[in-house]
Amino acid sequence: MMFGLFRKAPSRYSFRVDPAGAEVQASSDESLLQAALNQGLAFPHNCRAGGCGACKCRLVSGKVKELTDKSYLLSAGELQANYILACQSHPRSDVTVEVTLEPDSPDHAVVSTEATIVGLKPLTADILEVELQLATSMPFTAGQYVEVSRFDTHDTPQPVVRSYSFASAPGAESGSDLVRLFIKKVAGGHFTEWLFHAADVGEKLALKGPYGNFHLRPGTQPIIAVSGGSGLAPVKAILEQALRDKKSGRDVVLYFGARTQHDLYGLQAIAEIQRHWIGRFEFIPVLSDEPADSDWTGRRGLIPGHLTNASNAAFSQSQAYLCGPPPMVDACVAALVQAGVDQNAVFFDKFLDTSHKISHEI
Ligand SMILES: Cc1cc2nc3c(=O)[nH]c(=O)nc-3n(C[C@H](O)[C@H](O)[C@H](O)COP(=O)(O)OP(=O)(O)OC[C@H]3O[C@@H](n4cnc5c(N)ncnc54)[C@H](O)[C@@H]3O)c2cc1C
């Protein structure tokens with residue numbers, strides 16, 4: 001207890017981002033990324049947990065403490081050129097990094113708020129729609145996600161903190177402070193086992209966000225949307241927001257991967273988007289484990305196979321938006337690029353879990 005009294009206060013440093021020349025304050029107990037996002041800089045990022053590499057930047061000057069091993073994410077050239085992951089680097093002096101800020105990316109200030117569970121609706125055997133009433137508004141852009149914390153004193157002294165994508169466009173619900181999430185059950189998962197087996201309406205959670213760079217980019221190109229399982233959440237939100245913003249003139253092909261017909265959900269919402277969409281809107285569900293003798297007449301197998309075989313001339317002009325489990329996203333990105341989609345026009349959000357994080361201190 002005495003030690004706690006004398007714990008050193010965190011130091012504050014100046015944190016500069018070139019070539020924009022933006023300068024913010026960063027504390028020694030927060031990551032450079034957290035400091036940038038808290039102060040409204042559109043710093044590129046996605047998972048914020050050292051798993052995706054989206055926040056890599058070149059350390060031009062200064063000292064940082066790196067929390068995890070970055071060598072599995074960065075190339076030999078990047079390591080040699082002094083690249084770091086901003087989400088895993090705490091400042092130990094004034095710091096300057098070089099990275100291109102994203103002019104079109106959402107720049108909502110990060111908000112912390114309490115939320116009450118007001119609805120829990122099973123969508124499939126292992127996907128739940130969770131409706132949360134927020135105590136404070138959290139403006140966000142469709143495609144972004146929120147950090148959800150639950151403090152369980154029985155299990156662990158640390159809160160369980162997990163990321164979940166908004167499953168509907170901002171303000172889509174009747175009360176604008178109501179948000180919806182689609183959450184898939186993970187066997188043995190700390191948060192989802194509790195959510196599926198013990199959580200109830202009225203339960204409180206802490207929310208922090210919004211985060212993430214997954215959002216609809218401007219343009220008139222056709223859209224290839226790909227989602228698997230609960231990965232439908234941000235894709236549905238993006239399409240709903242485009243519809244609301246009167247940006248539905250673009251042609252869309254939406255692939256939705258699931259195991260069987262019982263694992264398909266949100267079909268009514270997709271039909272509703274399709275009905276109002278001004279451009280061409282094709283919906284292609286793809287089932288991987290549907291019994292061979294069932295009445296299913298749609299596509300079977302895995303989505304990448306259908307993308308490679310699509311041989312669609314419009315692919316080379318398209319933008320692609322993907323979300324779901326990391327192996328599915330990786331395989332679909334490779335298939336899209338092989339089918340002619342420009343790698344720079346491929347945007348994705350991977351539902352990385354805590355296991356990808358190598359948590360040794362350097
Ligand atoms: C940016 C972002 C957005 C996300 N959005 C969503 C979302 O909208 N909906 C959603 O359902 N999830 C989403 N996730 C995943 C989510 O944050 C959790 O990782 C997931 O719910 C598991 O949490 P848990 O506490 O139940 O399991 P944990 O206690 O974290 O994991 C328990 C064990 O299961 C393994 N595991 C965890 N997840 C999986 C999995 N999917 N498949 C196989 N093994 C797994 C872990 O490696 C570990 O061994 C998102 C993740 C990120 C990074």
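The following paragraphs describe two sheets, the surroundings of a ligand and three backbone features in a predicted model.

Residues are numbered from 1 along each chain as its sequence is written, and side-chain values use heavy atoms, with hydrogens and water left out. In this predicted model, local features need pLDDT of at least 70 and side-chain atom pairs count only at pLDDT 80 or more, whereas totals for chains, interfaces and linings use all residues.

One open sheet consists of five strands in the order S2-S1-S7-S3-S5, and its pairing is mixed. Here strands (E, at least two residues) and helices (H or I, at least four residues) are DSSP runs numbered from the N terminus, and two strands are said to pair if DSSP finds at least two bridges between them. The edges of this sheet are occupied by S2 and strand S5 (83-85), each with a single partner strand, so one side of each is left without a neighbour in the sheet. On average, neighbouring strands of this sheet are turned by 40° against each other, direction ignored; the axes behind this value are lines fitted to C-alpha atoms (for helices over the stretch in contact), and angles run from 0 to 180 degrees between N-to-C directions. Within the sheet, S3 and strand S7 (residues 95-98) run antiparallel and are joined by three bridges, and Ser61 has Thr96 in S7 as its bridge partner.

A further open sheet has six strands, arranged in the order S11-S10-S13-S8-S9-S12 with antiparallel pairing. Its edge strands, strand S11 (160-165) and strand S12 (178-184), each pair on one side only. Strand S10 (residues 145-150) pairs with strand S13 (residues 204-211) in the antiparallel sense over four bridges, and the bridge partner of Ser149 in S13 is Ala206.

The ligand is surrounded by 22 residues, of which the closest are Arg162, Ser163, Tyr164, Thr192 and Asp353; a residue counts as near a molecule or strand if one of its heavy atoms lies within 4 Å of it. By class, this shell has eight nonpolar, nine polar and five charged residues, where Ala, Val, Leu, Ile, Met, Phe, Trp, Tyr, Cys and Pro count as nonpolar, Asp, Glu, Lys and Arg as charged, and the others, Gly among them, as polar. S11, S12, helix H4 (190-197) and strand S19 (346-350) each supply at least two residues of the shell, and the largest share, four residues, comes from S11. Domain 2 (111-211) and domain 3 (223-350), with bounds taken from an automatic or database domain assignment, both give residues to the shell around the ligand, so the ligand lies between them.

Polar side-chain atoms of Arg162 and of Tyr164 each lie 2.6 Å from an oxygen atom of the ligand, while for Ser163 a backbone N or O atom lies 2.7 Å from an oxygen atom of the ligand. The protein covers 77% of the 950 Å² of accessible area that the ligand has on its own, with areas computed by the Shrake-Rupley method with a 1.4 Å probe (for residues, only the protein chains shown count as cover).

Three features of the backbone remain to be described. A cis peptide bond, with omega of about 5°, joins Asp18 and Pro19, and Pro19 lies in the loop between strand S1 (12-18) and strand S2 (22-27). Another cis peptide bond, with omega of about 5°, joins Gly209 and Pro210, and Pro210 lies in strand S13. Arg48, although not a glycine, has a positive phi of about 60°, and Arg48 is placed in the loop between helix H2 (32-38) and strand S3 (56-61).

How values were computed: A polar contact is a pair of N or O atoms within 3.5 Å; within protein, one must be able to donate a hydrogen and the other to accept it, and residues adjacent in sequence count only if both atoms are side-chain atoms.
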